[in-house]
Amino acid sequence: MWPYPKVLAHRGGGTLAPENTLAGFRTGLQFGYRAAEFDVMLTRDEMPILMHDPQRGRTLPGVGQIAETDWAQLCELDAGAWHGPSFVGERICTLEQGLDFCIGNGIWMNVEIKPGASAQAVRTGELTALAVGRRFTAALEALRDDPASPQAAVLPVLSSFSFDALMAAKEAAPDLPRGFLVDMIPDDWQARLQQLQAVALHTSHKNLTPQLARQVKDAGYALFCYTVNDAARAVEIMGWGVDAFCTDRIDLIRADAY
Ligand code: G3P
Ligand code: MG
């Protein structure tokens, strides 16, 4: 049984706001979303930030690799102008800011660890897990001291396409649930999940079949799909036993549809 929300806003607020920003989370809230997926990457000086692309050019102006640029330089950049005039001035969201916002607003999180390069996988997994673990320890303490606190107490799931990053996360914060992300479900998926002591398999809905969904469910794992932007397709895969999915179209798919 999946104890978490079933529909998540992809990259914070889907495509209705600049991805992986506080503006995205706010937009998700406006559409009734209380669950979000976002991507975490390290800068050169190892600041965990919310970022999808390993290089500037699409959501950030200029050129250069995120992993080769310090936070002091990246924090000056506009992370919203690419999306449209109403988001000019939006800055890159740090992991700390994202965690604070989501916890404070009761947004459940799927934290995708995105190592810019494979050499960074272990460090990105480790630092992301440590930061999430620390923040949730504080949130749980706040909740214990004040049961009426609006802090979200539900642990996020850490996900990654990088097996090494997730293994590092497991070492750093073993109590945080893990989901292994794959584009296509590999033959050795079950061995991988066992090694990771993962709770879920996360896969593209495009490569899923009812038979594969059944195998994953029968093995006792949760099944998460990305990125479902069509309401009819969502109904179809949920009928196969999929537990949850993320969407870019928070305007088309209701957060409480399932
Ligand atoms: O976490 C699921 C999904 O976000 C994976 O793809 O490239 O959008 O991060 P991507
Ligand atoms: Mg992602």
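Okay, let's start at the ligand. Ligand 1 is surrounded by H10, E37, D39, H52, E112, S159, L181, H202, Y226, T227 and C246. Sorted by class, that shell has three nonpolar, five polar and three charged residues. Before I go on, please keep in mind that this is a predicted model.

Now the overall picture. The protein chain has eight helices and nine strands. Its C-alpha atoms fill a box of roughly 50 × 45 × 40 Å along the principal axes. How does the radius of gyration sit with a compact globule? For 258 residues, such a globule would come out near 18 Å, and the protein chain has 17 Å, so the two agree. Buried residues make up 45% of the 258 residues. And if you take the contacts with a separation of 6 or more, 59% of them are between residues 24 or more positions apart.

Let's go inside. The largest nonpolar core has 72 residues. Those with the most contacts inside that core are A36, V132, L158, A169, L201, L223 and F245. Which element gives the largest share of this core? That's α4, with seven residues. As a general point, nonpolar side chains in soluble globular proteins tend to be buried together.

Take two residues from that list. V132 first: leaving out residues up to four places away in sequence, V132 touches L99, V111, P156, L158, A173 and L176. L158 is itself on the list of residues with the most contacts in the core.

Then L223, which lies in strand β8, residues 222-226. L223 counts as buried because it has 26 C-beta neighbours inside 10 Å, and the cut-off for buried is 20 or more. Setting aside neighbours within four places, L223 is in contact with A200, L201, A213, V216, K217, G241, V242 and D243. For a sense of distance, go from L223 to E37, one of the residues around ligand 1. L223 and E37 are 186 residues apart along the chain, and their C-alpha atoms are separated by 15 Å.

On to helices, and I've picked two. In α3, residues 95-104, the buried ones are L95, G98, L99, C102 and I103. Why are they on the same side of α3? Because they cover an arc of only 120 degrees around the axis. The textbook reminder here is that an α-helix has 3.6 residues a turn, so residues three or four places apart point the same way. What covers the buried residues of α3 includes α1, β2, β3, β4 and α4. You've already met one of those contacts, since L99 is among the residues that V132 touches.

Q97 is also in α3, but Q97 is partly exposed, with 16 other C-beta atoms within 10 Å. Q97 and I49 are 48 residues apart in sequence, and C-alpha to C-alpha they are 9.0 Å apart in space. Just after α3, G106 takes a positive phi of about 65 degrees.

The other helix is α5, residues 163-172. There the buried residues are A165, L166, A168, A169 and K170. Yes, there's a lysine in that list. These buried residues pack against β4, α4, β5, β6 and α6. So β4 and α4 turn up for α5, and β4 and α4 are also part of the cover over α3.

Now some backbone oddities. Most residues other than glycine have a negative phi. Which way does R11 go? Its phi is positive, near 55 degrees. R11 lies in the loop between β1 and α1, and R11 is buried, with 26 other C-beta atoms within 10 Å. E46 has a positive phi as well, near 65 degrees. E46 is found in the loop between β2 and β3, and with 13 C-beta neighbours inside 10 Å, E46 counts as partly exposed.

Last stop, G32, in the loop between α1 and β2. Buried or exposed? G32 is exposed, with 12 other C-beta atoms within 10 Å. What does G32 contact beyond its neighbours within four places in sequence? R254, A255 and D256. G32 and A255 are 223 residues apart along the chain, yet their C-alpha atoms are separated by 6.1 Å.

That's my tour, thanks.

Key. Residues are numbered from 1 along each chain as its sequence is written. Chains are lettered from A and ligands numbered from 1 in the order in which they are written. This is a predicted model: local features need pLDDT of at least 70, side-chain atom pairs count only at pLDDT 80 or more; totals for chains, interfaces and linings use all residues. Helices (H or I, at least four residues) and strands (E, at least two) are DSSP runs, numbered from the N terminus. The radius of gyration is taken over C-alpha atoms; the globule rule is 2.2 Å times the number of residues to the power 0.38. Two residues are in contact if their C-beta atoms, placed from the backbone, lie within 7 Å. A residue is near a molecule or strand if its C-beta atom, placed from the backbone, lies within 6 Å of it. Ala, Val, Leu, Ile, Met, Phe, Trp, Tyr, Cys and Pro count as nonpolar, Asp, Glu, Lys and Arg as charged, and the others, Gly among them, as polar. The arc is that of the directions from the helix axis to the C-beta atoms. A nonpolar core is a set of buried Ala, Val, Leu, Ile, Met, Phe, Trp, Tyr and Cys residues joined through C-beta atoms within 7 Å.
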